[in-house]
Amino acid sequence: MHNKLAQPKFLFLLFMNQFAFAQSKLLDHLGITVTPLENREFSYTDKQSAYFYGRTHKQVNDDWFSGWNIGTHRIFQDYELYIDGKPLQRAEAQITVYPDRLQRYFPDAEETFMMFDNKHVLSIELANLRGNSIGLSIEGYLSGFLYTEENMAFYIPKEAPTAVLVIAPIHPAPLKEINNYLESNETSGGFFIVYAESVKSAKHLIIHARNNYTDWKEERRLRMEHLIAGSFTSSDSSTDKALQWITLTLDQLITHQSGDGIYAGLPWFNDYWGRDTFISLAGACLVTGQFKTARKILTAFAHFQNSDSLSKNFGRVPNRIRPDDVIYNTTDGTPRFVMALYEYVMYSGDTSLIKELYPVIQRSIEGPLKYWVDIQGYLTHEEADTWMDAKIDGKVPYSPRGNRANDVQWLWYENLIKGSFFARFMKQETDAERWKVMAQNLQFHFINDFINSTGNELMADHLHADGSPDFTVRPNQFFAMALINDRSLRMQLTRKTWEALVYPWGVASLAQTDSNFHPFHEYPEYYPKDEAYHNGTVWVWNNGIAIQRLLEFEQIAPSWNLFQGMTRQALMTGAVGSLSENMDALPGAGSAWANKSGTFLQAWSNAEYLRVWNQYFLGIRPNAIEKKIEITPLIPATFSSFQSIVSFMDGRLESDYIKQENKTTYQYQLIDASAVIVFKLPDFPSVETSVATNDKLEIVLYSKILSITLKGMEGNIKLEKRIAEDLNEVTREKDTDRIFQGIHFTQPYLNPGLKCLQKSQK
């Protein structure tokens with residue numbers, strides 16, 4: 001089911017083979033049919049260093065990064081297919097996109113496009129032909145034709161001139177070049193396109209593909225199905241489908257290009273960004289049970305930590321790792337590394353990595369203390385060294401955030417608190433206590449300097465160099481809410497921020513009431529798109545923290561509405577099964593929904609969808625160090641039933657949920673693991689119960705009563721009790737609901753007086 005650090009291999013494989021038999025061709029049920037009018041984007045990767053990006057119906061996709069890209073190099077833009085010398089018209093095809101393949105059904109042929117894991121091979125199969133010959137042409141200017149030899153055609157990629165591109169029939173058959181396209185007969189079955197470092201290795205790869213591509217297809221299918229099989233199935237088929245698709249498109253981005261890492265996004269962020277990677281790690285690897293992969297990514301970035309004590313980047317992990325460069329220009333990547341390491345340990349229980357990386361943790365704190373922390377304990381930074389990093393000509397920030405941004409202070413606080421935790425584990429009590437005191441001091445100053453609580457409660461986005469607060473309304477305060485202990489204040493700020501920034505499609509980077517607000521990401525007649533990047537443009541990844549903050553106060557309905565907007569995008573618009581980087585803040589003229597922008601597949605957007613679903617709607621948050629699992633389910637009314645599986649340590653937690661007219665049943669079973677389960681529903685006190693492996697914990701909610709039963713694997717009752725509502729909890733929930741009563745999305749409004757609209761660039 002999931003990839004773990006350790007597991008009984010025989011039992012695991014037996015279980016998976018049985019499951020694969022029972023759920024054969026699971027991917028076939030995920031197909032999404034696309035119309036010519038939709039003409040949606042799609043992408044696949046080889047999990048190594050290559051991806052292919054196309055559009056379903058466009059005859060030749062000429063977008064800048066379209067086609068096959070390998071190791072940050074563009075190889076070719078697209079291809080055309082021919083039957084008896086006539087191009088197959090994609091606009092005439094019925095097209096279905098699956099997680100592992102794309103199928104086009106033309107009147108005269110059926111095309112299946114595929115990639116394979118860890119192979120620089122494209123497969124374009126053609127079947128059910130109505131003709132005597134098939135053909136293929138490479139489109140665009142990126143690869144130049146050289147010659148044909150041994151029924152293979154050779155090209156040189158212009159951006160990788162030391163490599164070679166080779167095209168050959170899938171089954172051995174004649175191949176000739178005619179009028180800029182390659183032609184073979186109907187027995188060839190289609191074409192392989194391979195990329196290699198030499199002609200010899202390319203020829204070998206063609207032969208290898210012919211002998212093994214059926215097995216390659218099956219291996220890829222099984223890997224994908226194992227990743228999603230049983231992870232979540234429910235009475236809501238749309239959510240099921242979106243969760244499975246997003247899991248698989250996000251998994252496309254976990255690659256081995258420069259060691260192990262996660263592409264930040266396609267099409268142009270096909271390299272590793274530290275900030276993006278560690279925001280994405282929980283959704284990409286932890287909730288999906290890919291603990292080995294998470295470990296490799298953490299150690300890969302740790303290897304590149306700056307250990308030069310004379311450098312201002314001392315202690316930083318990279319902001320960006322490319323095949324040809326390593327860059328450290330961010331403040332927030334390193335704290336997020338430490339936070340991701342902590343969460344990895346909470347899921348996996350792998351304390352050996354704490355021991356291995358403790359020197360890295362120490363440097364992550366000592367470096368900032370030496371160069372960046374001020375007298376009040378704030379972590380200072382350059383004005384564009386937060387995630388809002390766009391600059392004019394790479395120099396002047398479009399969204400300057402002083403030298404002490406609120407989210408950076410939260411990240412620094414978490415860096416210190418998590419560092420203190422790791423220090424205590426390592427029995428480094430001096431470090432542990434010193435870092436804890438520093439965190440407490442930081443929190444004290446933050447409340448005094450960033451919060452205006454004089455009747456009109458506000459949180460500053462940042463402090464200027466002179467210490468004065470800037471109360472620009474940005475989504476960063478959703479993160480910094482964690483520094484506020486006052487529950488009432490947090491609720492008030494959460495509601496204000498939601499209603500100022502959150503549209504049904506996502507969280508804007510600047511309030512529309514601000515004079516610097518930019519309504520559309522791309523509006524070239526008025527401004528360059530980087531000017532709008534963090535000045536109004538919606539960032540889909542921020543939906544995760546916005547939903548989390550509302551669910552912390554049990555506000556299910558508005559959270560679910562925003563989550564459903566993400567589901568809608570993945571299934572119905574844009575790149576198939578994917579969430580984009582950005583959206584416009586405001587809809588265009590005549591539209592009720594904003595347009596997408598930025599990358600069509602962004603890691604942290606997809607990852608936050610999966611993280612907030614698992615950790616806050618399902619409410620499952622593991623603590624493997626203490627062998628505890630906190631479960632606080634907040635299930636939307638849409639669901640009458642579901643089953644889910646979440647990996648925990650070397651085992652898994654299986655959950656079942658059934659909502660009936662007079663009762664709601666929650667059932668949990670730990671397989672190959674044991675833990676204390678701490679279960680909490682609104683209006684009730686927590687239920688804390690030790691659950692051994694294969695025990696079943698059943699909690700039934702009646703009107704004002706919880707019935708708890710724990711059964712052993714033989715069916716024997718280990719625990720049975722009833723709990724009534726806690727009147728203090730009921731009162732608290734009523735007070736909370738009063739504060740959030742009537743909460744609503746931001747109502748889109750275009751203010752014609754915005755500065756960005758005053759002067760056209762044309």
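**Exercise 1.** At what angle do the axes of helix α11 and helix α13 cross, and within what distance do they come?

*Solution.* The model examined here is predicted.
Step 1. Helix α11 covers residues 487-501 and helix α13 covers residues 542-551. Their axes come within 10 Å and cross at roughly 140°.
Step 2. Angles over 145 degrees count as roughly antiparallel. The crossing angle therefore makes α11 oblique to α13.
Step 3. The crossing in which α11 passes α13 is left-handed.
Step 4. On the α11 side, Arg490, Thr494 and Trp498 make the contact; on the α13 side, Ala546, Ile547, Arg549 and Leu550 do so.
Step 5. Sorted by class, the contact of α11 with α13 holds four nonpolar residues, one polar residue and two charged residues.

**Exercise 2.** Determine how α13 is oriented relative to helix α14, and describe their contact.

*Solution.*
Step 1. Helix α14 spans residues 556-572, and α13 packs with α14 at an angle of about 160°, the axes being 8 Å apart.
Step 2. Because of this angle, α13 is roughly antiparallel to α14.
Step 3. In passing α14, α13 forms a left-handed crossing.
Step 4. From α13, the contact draws on Asn543, Ala546, Ile547, Leu550 and Leu551; from α14, on Ile556, Pro558, Ser559, Leu562, Phe563 and Met566.
Step 5. Nine of these residues are nonpolar, two are polar and none is charged.

**Exercise 3.** Characterise the packing of helix α8 and helix α9.

*Solution.*
Step 1. Helix α8 comprises residues 406-425, and helix α9 comprises residues 429-450. They pack at an angle of about 160°, with axes 8 Å apart.
Step 2. The two helices, α8 and α9, are therefore roughly antiparallel to each other.
Step 3. The crossing of α8 and α9 is left-handed.
Step 4. Residues of α8 in the contact include Trp412, Tyr413 and Leu416, while those of α9 include Trp435, Leu442 and Phe446.
Step 5. The contact of α8 with α9 divides into 12 nonpolar, five polar and five charged residues.

**Exercise 4.** Locate the bend in helix α2 and describe the glycine just after this helix.

*Solution.*
Step 1. Helix α2, residues 199-228, bends by about 70° at asparagine 212.
Step 2. Glycine 230, just after α2, takes a positive phi of about 75°.

**Exercise 5.** What is the average pLDDT of the chain, and where does pLDDT stay under 50?

*Solution.*
Step 1. The chain has an average pLDDT of 94, and 97% of the residues score at least 70.
Step 2. Over residues 1-23, pLDDT stays under 50. For these residues the model has 40 contacts beyond four places in sequence.

Notes. Residues numbered from 1 in each chain as written. Predicted model: local features only at pLDDT ≥ 70, side-chain atom pairs only at ≥ 80, totals over all residues. Heavy atoms only, no water. pLDDT = per-residue confidence, 0-100. Contact = heavy atoms within 4.5 Å. Axes fitted to C-alpha atoms, helices over the stretch in contact; angles between N-to-C directions. Helix = DSSP H or I, 4+ residues; strand = E, 2+ residues; numbered from the N terminus. Parallel < 35°, antiparallel > 145°, perpendicular 65-115°, else oblique. Left-handed = near helix turned anticlockwise from the far one by under 90°. Nonpolar A, V, L, I, M, F, W, Y, C, P; charged D, E, K, R; others polar. Bend = angle between axes of the 7 residues up to and from the residue.
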